[in-house]
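Here are a few exercises on packing and charge pairs, each with a worked solution. Keep the sequence and the 3D view open while you go through them.

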Amino acid sequence: MPQEFLASSVASRLGARIVDGDLQAGDVLRLEDIEQESGASRSVCREAVKILESVNLVRSRRHVGVTVLPSDQWDVLSPKVVHWHMSGNKRDQEMGWTNELRIALEPIAARLAAERADGADLRLLQNAVSGMTQAIRDGDSKGLAYNDHAFHRALLAATRNPLYVAHVPLMLSYLDEQYEDQEVTDEDRANLVHYRDILDAITMSDGDGAERATRAVVMRLSRVAPQAAA
(Lines give C-alpha, C1' and ligand atoms only; values in the text may rest on other atoms or scores of the structure.)
Protein backbone atom coordinates (compact mmCIF):
# COMPACT_ATOMS: atom_id res chain seq x y z
CA MET A 1 0.00 0.00 0.00
CA PRO A 2 1.47 3.41 -0.96
CA GLN A 3 2.99 5.39 1.92
CA GLU A 4 0.88 8.45 1.09
CA PHE A 5 -2.32 6.45 1.49
CA LEU A 6 -1.14 4.91 4.75
CA ALA A 7 -0.14 8.31 6.14
CA SER A 8 -3.55 9.73 5.20
CA SER A 9 -5.26 6.81 6.93
CA VAL A 10 -3.26 7.28 10.15
CA ALA A 11 -3.87 11.05 10.05
CA SER A 12 -7.61 10.49 9.57
CA ARG A 13 -7.86 8.26 12.61
CA LEU A 14 -5.95 10.74 14.78
CA GLY A 15 -7.75 13.74 13.32
CA ALA A 16 -11.14 12.19 14.05
CA ARG A 17 -10.10 11.52 17.66
CA ILE A 18 -8.96 15.11 18.08
CA VAL A 19 -12.08 16.63 16.54
CA ASP A 20 -14.35 14.32 18.57
CA GLY A 21 -12.59 15.38 21.78
CA ASP A 22 -11.09 12.00 22.56
CA LEU A 23 -7.74 13.80 22.43
CA GLN A 24 -7.85 17.17 24.17
CA ALA A 25 -5.93 20.42 23.64
CA GLY A 26 -2.59 20.12 25.38
CA ASP A 27 -2.41 16.33 25.14
CA VAL A 28 1.02 15.21 23.97
CA LEU A 29 1.56 12.17 21.76
CA ARG A 30 4.89 10.53 21.17
CA LEU A 31 5.75 9.38 17.67
CA GLU A 32 6.54 5.92 18.97
CA ASP A 33 3.06 5.71 20.53
CA ILE A 34 1.44 6.64 17.22
CA GLU A 35 3.62 4.05 15.51
CA GLN A 36 2.68 1.33 17.98
CA GLU A 37 -1.04 2.13 17.97
CA SER A 38 -1.34 2.38 14.19
CA GLY A 39 1.03 -0.43 13.30
CA ALA A 40 2.54 1.85 10.65
CA SER A 41 6.20 2.62 10.09
CA ARG A 42 7.97 5.60 11.66
CA SER A 43 8.17 7.40 8.30
CA VAL A 44 4.43 6.91 7.69
CA CYS A 45 3.63 8.29 11.15
CA ARG A 46 5.83 11.33 10.53
CA GLU A 47 3.92 12.02 7.32
CA ALA A 48 0.62 11.61 9.17
CA VAL A 49 1.71 14.18 11.75
CA LYS A 50 2.63 16.57 8.93
CA ILE A 51 -0.90 16.20 7.55
CA LEU A 52 -2.36 17.09 10.96
CA GLU A 53 0.05 20.02 11.27
CA SER A 54 -1.06 21.31 7.87
CA VAL A 55 -4.58 21.87 9.25
CA ASN A 56 -3.31 23.13 12.63
CA LEU A 57 -4.67 20.28 14.72
CA VAL A 58 -1.25 19.55 16.24
CA ARG A 59 2.21 21.00 16.67
CA SER A 60 5.26 18.75 16.59
CA ARG A 61 8.37 19.76 18.51
CA ARG A 62 11.64 17.92 18.91
CA HIS A 63 12.10 16.52 22.43
CA VAL A 64 8.50 17.48 23.25
CA GLY A 65 6.31 15.37 21.00
CA VAL A 66 3.10 16.00 19.12
CA THR A 67 0.87 18.44 21.01
CA VAL A 68 -2.85 18.74 20.30
CA LEU A 69 -3.78 22.39 19.63
CA PRO A 70 -6.92 24.23 20.84
CA SER A 71 -9.88 24.16 18.47
CA ASP A 72 -9.66 27.92 17.86
CA GLN A 73 -6.40 27.27 16.00
CA TRP A 74 -7.75 24.56 13.70
CA ASP A 75 -8.20 25.22 9.99
CA VAL A 76 -11.96 24.75 10.17
CA LEU A 77 -12.37 25.50 6.44
CA SER A 78 -10.20 22.51 5.52
CA PRO A 79 -12.18 19.70 3.85
CA LYS A 80 -10.31 17.25 6.09
CA VAL A 81 -11.50 18.95 9.28
CA VAL A 82 -15.04 19.25 7.90
CA HIS A 83 -15.04 15.53 7.09
CA TRP A 84 -13.77 14.58 10.56
CA HIS A 85 -16.44 16.73 12.14
CA MET A 86 -19.13 15.22 9.90
CA SER A 87 -17.96 11.67 10.51
CA GLY A 88 -17.97 11.84 14.29
CA ASN A 89 -20.12 12.85 17.21
CA LYS A 90 -20.08 16.55 16.20
CA ARG A 91 -21.80 16.01 12.86
CA ASP A 92 -24.97 17.90 13.83
CA GLN A 93 -22.94 20.80 15.17
CA GLU A 94 -20.84 21.04 12.00
CA MET A 95 -23.95 20.90 9.80
CA GLY A 96 -25.53 23.67 11.85
CA TRP A 97 -22.45 25.85 11.56
CA THR A 98 -22.26 25.32 7.81
CA ASN A 99 -25.96 26.05 7.33
CA GLU A 100 -25.50 29.34 9.17
CA LEU A 101 -22.55 30.19 6.92
CA ARG A 102 -24.53 29.31 3.80
CA ILE A 103 -27.39 31.60 4.88
CA ALA A 104 -24.91 34.47 5.23
CA LEU A 105 -22.77 33.68 2.19
CA GLU A 106 -24.75 32.24 -0.70
CA PRO A 107 -27.55 34.81 -1.18
CA ILE A 108 -25.03 37.65 -1.53
CA ALA A 109 -22.86 35.47 -3.75
CA ALA A 110 -25.87 35.02 -6.03
CA ARG A 111 -26.46 38.78 -6.10
CA LEU A 112 -22.82 39.37 -7.06
CA ALA A 113 -23.02 36.63 -9.69
CA ALA A 114 -26.07 38.35 -11.22
CA GLU A 115 -24.01 41.53 -11.48
CA ARG A 116 -20.75 39.98 -12.69
CA ALA A 117 -21.36 36.66 -14.45
CA ASP A 118 -20.22 36.41 -18.06
CA GLY A 119 -21.26 34.01 -20.79
CA ALA A 120 -18.93 31.25 -19.63
CA ASP A 121 -20.28 31.47 -16.08
CA LEU A 122 -23.86 31.26 -17.33
CA ARG A 123 -23.08 28.19 -19.42
CA LEU A 124 -21.59 26.43 -16.39
CA LEU A 125 -24.65 27.27 -14.29
CA GLN A 126 -27.03 26.23 -17.07
CA ASN A 127 -25.21 22.94 -17.59
CA ALA A 128 -25.33 22.25 -13.85
CA VAL A 129 -29.08 22.87 -13.64
CA SER A 130 -29.68 20.74 -16.75
CA GLY A 131 -27.55 18.01 -15.23
CA MET A 132 -29.46 18.14 -11.94
CA THR A 133 -32.76 17.99 -13.83
CA GLN A 134 -31.71 14.88 -15.74
CA ALA A 135 -30.24 13.23 -12.66
CA ILE A 136 -33.51 13.71 -10.74
CA ARG A 137 -35.47 12.24 -13.66
CA ASP A 138 -33.15 9.24 -13.69
CA GLY A 139 -33.02 8.86 -9.90
CA ASP A 140 -29.26 9.26 -10.20
CA SER A 141 -28.01 10.51 -6.82
CA LYS A 142 -24.37 10.54 -7.93
CA GLY A 143 -25.21 12.61 -10.98
CA LEU A 144 -27.27 14.96 -8.82
CA ALA A 145 -24.36 15.42 -6.40
CA TYR A 146 -21.89 16.02 -9.25
CA ASN A 147 -24.04 18.73 -10.82
CA ASP A 148 -24.95 20.32 -7.49
CA HIS A 149 -21.20 20.61 -6.83
CA ALA A 150 -20.76 22.17 -10.26
CA PHE A 151 -23.52 24.70 -9.60
CA HIS A 152 -22.05 25.88 -6.31
CA ARG A 153 -18.54 26.03 -7.73
CA ALA A 154 -19.74 28.12 -10.68
CA LEU A 155 -21.89 30.37 -8.48
CA LEU A 156 -19.05 31.31 -6.15
CA ALA A 157 -16.60 31.69 -9.04
CA ALA A 158 -18.99 34.09 -10.79
CA THR A 159 -18.70 36.53 -7.86
CA ARG A 160 -15.15 37.32 -9.06
CA ASN A 161 -14.29 37.59 -5.37
CA PRO A 162 -11.38 35.36 -4.28
CA LEU A 163 -12.67 35.27 -0.70
CA TYR A 164 -15.93 33.72 -1.86
CA VAL A 165 -14.04 31.31 -4.11
CA ALA A 166 -11.91 30.29 -1.12
CA HIS A 167 -15.06 28.78 0.44
CA VAL A 168 -15.58 26.35 -2.46
CA PRO A 169 -13.69 23.42 -0.82
CA LEU A 170 -15.69 23.83 2.40
CA MET A 171 -18.97 23.97 0.50
CA LEU A 172 -18.17 20.92 -1.59
CA SER A 173 -17.08 18.95 1.48
CA TYR A 174 -20.39 19.82 3.13
CA LEU A 175 -22.33 18.72 0.04
CA ASP A 176 -20.32 15.48 -0.14
CA GLU A 177 -21.52 14.61 3.34
CA GLN A 178 -25.09 15.57 2.49
CA TYR A 179 -25.22 13.33 -0.56
CA GLU A 180 -23.31 10.34 0.80
CA ASP A 181 -25.35 7.13 0.34
CA GLN A 182 -28.49 9.16 -0.25
CA GLU A 183 -31.24 8.53 -2.78
CA VAL A 184 -32.96 11.26 -4.80
CA THR A 185 -35.78 12.68 -2.65
CA ASP A 186 -38.83 14.91 -2.99
CA GLU A 187 -36.75 17.56 -1.19
CA ASP A 188 -34.28 17.48 -4.09
CA ARG A 189 -37.12 17.93 -6.58
CA ALA A 190 -38.44 20.91 -4.61
CA ASN A 191 -34.98 22.47 -4.40
CA LEU A 192 -34.54 22.17 -8.17
CA VAL A 193 -37.29 24.77 -8.61
CA HIS A 194 -35.23 27.23 -6.58
CA TYR A 195 -32.06 26.43 -8.55
CA ARG A 196 -33.91 27.25 -11.76
CA ASP A 197 -35.12 30.51 -10.22
CA ILE A 198 -31.54 31.37 -9.23
CA LEU A 199 -30.32 30.62 -12.75
CA ASP A 200 -33.08 32.69 -14.35
CA ALA A 201 -32.35 35.66 -12.09
CA ILE A 202 -28.60 35.54 -12.73
CA THR A 203 -29.22 35.21 -16.47
CA MET A 204 -31.43 38.33 -16.33
CA SER A 205 -28.85 40.20 -14.18
CA ASP A 206 -31.55 40.44 -11.50
CA GLY A 207 -29.55 40.77 -8.27
CA ASP A 208 -32.63 41.08 -6.04
CA GLY A 209 -34.21 37.99 -7.57
CA ALA A 210 -31.00 35.96 -7.38
CA GLU A 211 -30.50 36.82 -3.73
CA ARG A 212 -34.15 36.11 -2.89
CA ALA A 213 -34.22 32.73 -4.67
CA THR A 214 -30.94 31.64 -3.10
CA ARG A 215 -32.07 32.66 0.34
CA ALA A 216 -35.22 30.58 -0.16
CA VAL A 217 -33.27 27.40 -0.87
CA VAL A 218 -30.70 27.79 1.92
CA MET A 219 -33.39 28.69 4.44
CA ARG A 220 -35.38 25.66 3.32
CA LEU A 221 -32.35 23.46 3.88
CA SER A 222 -31.62 25.01 7.27
CA ARG A 223 -35.10 24.04 8.46
CA VAL A 224 -34.54 20.36 7.67
CA ALA A 225 -30.89 20.16 8.77
CA PRO A 226 -29.62 20.21 12.36
CA GLN A 227 -28.83 23.57 13.90
CA ALA A 228 -25.61 24.45 15.66
CA ALA A 229 -25.43 23.52 19.32
CA ALA A 230 -25.92 26.39 21.72
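## Exercise 1: around L155

Leaving aside residues up to four places away in sequence, L155 touches E106, A109, A110, A113, L125 and I202, where a contact means heavy atoms within 4.5 Å. Before going on: this is a predicted model, in which local features need pLDDT of at least 70 and side-chain atom pairs count only at pLDDT 80 or more, while totals for chains, interfaces and linings use all residues. Residues are numbered from 1 along each chain as its sequence is written, and side-chain values use heavy atoms, with hydrogens and water left out.

**Task.** Find which elements give two or more residues to the largest nonpolar core.

**Solution.**
- Step 1: start with the definition. A nonpolar core is a set of buried Ala, Val, Leu, Ile, Met, Phe, Trp, Tyr and Cys residues joined through side-chain atoms within 4.5 Å. Buried means under 20% relative accessible area, exposed over 50%, and partly exposed in between (1.4 Å probe, protein chains only).
- Step 2: pick out the hubs. The largest core has 26 residues, and L155 is among those with the most contacts inside it, as are L125 and I202.
- Step 3: assign the elements. They are α5 (91-116), α6 (119-138), α7 (141-157), α10 (186-203) and α11 (207-224); helices are DSSP runs (H or I, at least four residues), numbered from the N terminus.
- Step 4: look for the top contributor. That's α6, with 7 residues.

## Exercise 2: a pair within one helix

**Task.** Work out how the E106–R102 salt bridge sits in its helix.

**Solution.**
- Step 1: check the distance. The closest N and O atoms of E106 and R102 are 2.3 Å apart; a salt bridge needs a side-chain nitrogen of Lys or Arg within 4 Å of a carboxyl oxygen of Asp or Glu.
- Step 2: check the spacing. The two residues are 4 apart in helix α5, so about one helical turn separates them.
- Step 3: check the exposure. E106 is buried at 3% relative accessible area, and R102 is buried at 2%.

## Exercise 3: a pair across the chain

**Task.** Say where R160 and D121 lie.

**Solution.**
- Step 1: R160 and D121 form a salt bridge, with closest N and O atoms 2.6 Å apart.
- Step 2: R160 is in the loop between α7 and α8 (162-165), and D121 is in helix α6, 39 residues apart.
- Step 3: R160 is partly exposed at 44%, whereas D121 is buried at 7%.
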